[in-house]
Every structure is written in C-alpha cells, then in structure tokens.
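Work through the exercises below with the model in view. Try each task before reading its solution.

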Amino acid sequence: MMYLEEIFSLRNRTAIVTGGGRGIGQVIALGLARAGAEVIIVSRSGGQETVDLILKEGGKAYELCADVTNEKEVDKTLKTIIERSGKVDILFNNAGICIHKDTLNATIEEWRNVIDINLTGEYIMARAIGRHMIEAGIKGSIINMASMSGSIVNIPQWQASYNASKAGVIHLTKSLAAEWVEHGIRVNSLSPGYIATPMSADVPEDLKAAWTPLMPMHRMGTPEELIPAVLYLASPAAGYTTGADIIVDGGYTCI
C-alpha cells in the first residue's frame with residue numbers, strides 16, 4: 001500500500017473539477033478527494049451536494065459558480081481559488097452537454113451552444129489554468145473530458161455537434177500537450193463510452209437497447225470505473241504520459 005500511495009497519492013495537491021455537481025464530475029471529484037486532493041467544484045448550476053459528500057468523508061472541498069464559456073468569470077474564479085487555496089495542480093475539464101438531433105433539424109444556435117461549452121469552454125479553462133501553472137512553476141496535470149464520440153460516430157442517434165466537439169477536444173489536448181511540455185505540464189484526455197449516470201436515465205429505452213449489442217461487454221460503464229484512469233493521469237504515476245487519449249468504453253471502439 002505504501003508503494004501505491006507514493007505513486008498515486010494526490011496529497012497536498014489542489015484540483016478543479018468543472019461540471020462537478022452531478023454525474024461523472026461528482027464521482028471523479030470524490031475520487032480525487034479520496035486520493036488526498038483538495039477539490040474545488042466549478043459549475044454553473046452549483047456543486048454543494050458534491051462538496052458535502054467530500055466533507056462528510058473527511059476531505060477538503062468547496063464550490064464556486066462560474067460559466068466556463070465566459071473568460072472573465074473563469075479568470076475571476078481562478079483568482080479566488082489562488083487566494084483561497086494558493087495554487088492549482090490538477091484540472092479535470094469536465095463541463096459539457098449533448099444534443100441528440102440530426103443535422104438537418106438541429107439549429108445553428110444548438111450547434112454553437114454545444115461547441116461553445118464542450119470545446120471553447122475547455123479551451124478557456126485549460127488556457128487559464130495553464131497560464132497559472134506556467135507563471136507559478138507548477139508541473140501540473142490537465143485532463144480534458146473527451147468521449148469515444150470523438151473517435152467514432154455513434155449510432156443510431158445523430159449528434160454531429162457533440163461528435164465534432166469531442167474530436168476537437170482530443171486534438172486540442174494533443175496541441176496543448178506539445179505546447180506546454182517544456183513547462184512540465186501534462187495534458188491528456190479521457191474518452192468514456194456509454195456511462196450510466198442520472199443524465200442517461202433520460203435517454204429513451206430504445207436507444208439503450210440499440211447500444212447494448214454494439215458493446216463487447218454488453219453493458220454501460222459506471223462513473224466509478226473512470227476514477228482509476230483519472231487518478232493515473234492526475235498523479236505522479238503518469239509522469240511520462242502527455243498528449244494521450246485514454247479510452248474507457250468497454251471495447252466499443254475496437255470493433
């Protein structure tokens with residue numbers, strides 16, 4: 001256990017989780033806290049429930065409300081975090097949305113909203129945190145939330161805006177990894193497959209029935225099954241890993 005704690009521990013590190021008020025973000029925030037990190041939930045809708053769960057387990061956490069697509073709000077929020085916590089070592093860039101509509105029926109406003117939150121929002125957050133890490137000399141870790149949808153086209157639902165945004169996240173990740181490697185900042189992305197979250201409860205049952213035969217494991221994953229990949233990317237164990245896209249999809253993209 002001492003060996004595992006040495007290479008995976010996040011003690012004395014501060015982590016930001018965007019969109020951490022529910023679903024995958026909430027579960028990952030709990031995992032980071034359990035590994036020893038102080039966790040700040042940044043969300044438009046609030047993350048007090050997540051904070052309460054972390055505090056109940058003896059961890060350290062607080063929440064700040066901000067829109068990741070608003071650069072001024074992000075800069076103000078980061079200033080508050082630095083004043084309160086001193087630094088940021090880890091960013092889990094998770095805020096995102098998905099709209100299931102075929103291209104001819106989706107509006108340009110819907111396209112822009114998905115791209116703005118999923119891609120531009122991650123860019124704004126990564127740039128703000130990257131600048132802070134470079135100025136403070138922090139050899140940190142940025143983990144961008146991508147998706148298997150950035151590598152394949154999901155069927156039978158149509159979601160061109162989401163797929164395009166996540167493909168963009170993957171290449172943004174590689175670009176930032178190459179750009180910031182000289183500063184000791186690692187930038188990687190996480191690409192989950194279909195994950196069972198409260199949000200997926202709203203997905204029509206006929207879609208879920210269509211997905212299952214396409215998954216080699218014939219089941220959706222759980223948010224908890226994403227924690228080990230994030231802890232690896234956030235921790236010293238991933239010291240030589242940057243520009244990678246870690247796919248956790250039950251084998252969906254390999255066939």
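**Exercise 1: Strand S2**

Task: decide how the two faces of S2 are covered.

Solution. Take one side: Glu 38, Ile 40 and Val 42 are buried (under 20% relative accessible area; exposed is over 50%, partly exposed in between; 1.4 Å probe, protein chains only). Take the other side: Val 39, Ile 41 and Ser 43 are buried too. In a regular strand the side chains alternate between the two faces of the sheet. Now count: six of the six residues of S2 (residues 38-43) are buried, so the strand is largely enclosed by the rest of the structure. Strands here are DSSP runs (E, at least two residues), as are helices (H or I, at least four), numbered from the N terminus.

A note on the source: this is a predicted model, where local features need pLDDT of at least 70 and side-chain atom pairs count only at pLDDT 80 or more, while totals for chains, interfaces and linings use all residues. Residues are numbered from 1 along each chain as its sequence is written, and side-chain values use heavy atoms, with hydrogens and water left out.

**Exercise 2: Partners of S2**

Task: find which strands S2 pairs with (pairing needs at least two DSSP bridges between two strands).

Solution. Start with S1 (residues 14-18): five bridges join S1 to S2, and the two run parallel. Ala 15 has Val 39 as its bridge partner in S2. Between these strands the chain passes through helix H2 (residues 23-34), a right-handed β-α-β crossover (clockwise from the first strand over the helix to the second, with the strands pointing away from the viewer). Next take S3 (residues 61-65): five bridges join S2 to S3, again parallel. Ser 43 stands opposite Cys 65 in S3. S2, helix H3 (residues 48-56) and S3 also form a right-handed β-α-β unit.

**Exercise 3: The whole sheet**

Task: write down the strand order of the open sheet and name its edges.

Solution. The order of the seven strands is S3-S2-S1-S4-S5-S6-S7, with parallel pairing. S3 and S7 (245-248) stand at the edges with a single partner strand each, so one side of each lacks a neighbour in the sheet. Further in, S1 and S4 (residues 90-93) pair in the parallel sense over three bridges. Val 17 stands opposite Phe 92 in S4.

**Exercise 4: Cysteines**

Task: state how many disulfides the structure has (cysteine sulfur pairs within 2.5 Å).

Solution. A search of the whole structure finds zero. Check two cysteines for exposure. Cys 98 has 32% relative accessibility, so it is partly exposed. Cys 254 has 61%, so it counts as exposed.
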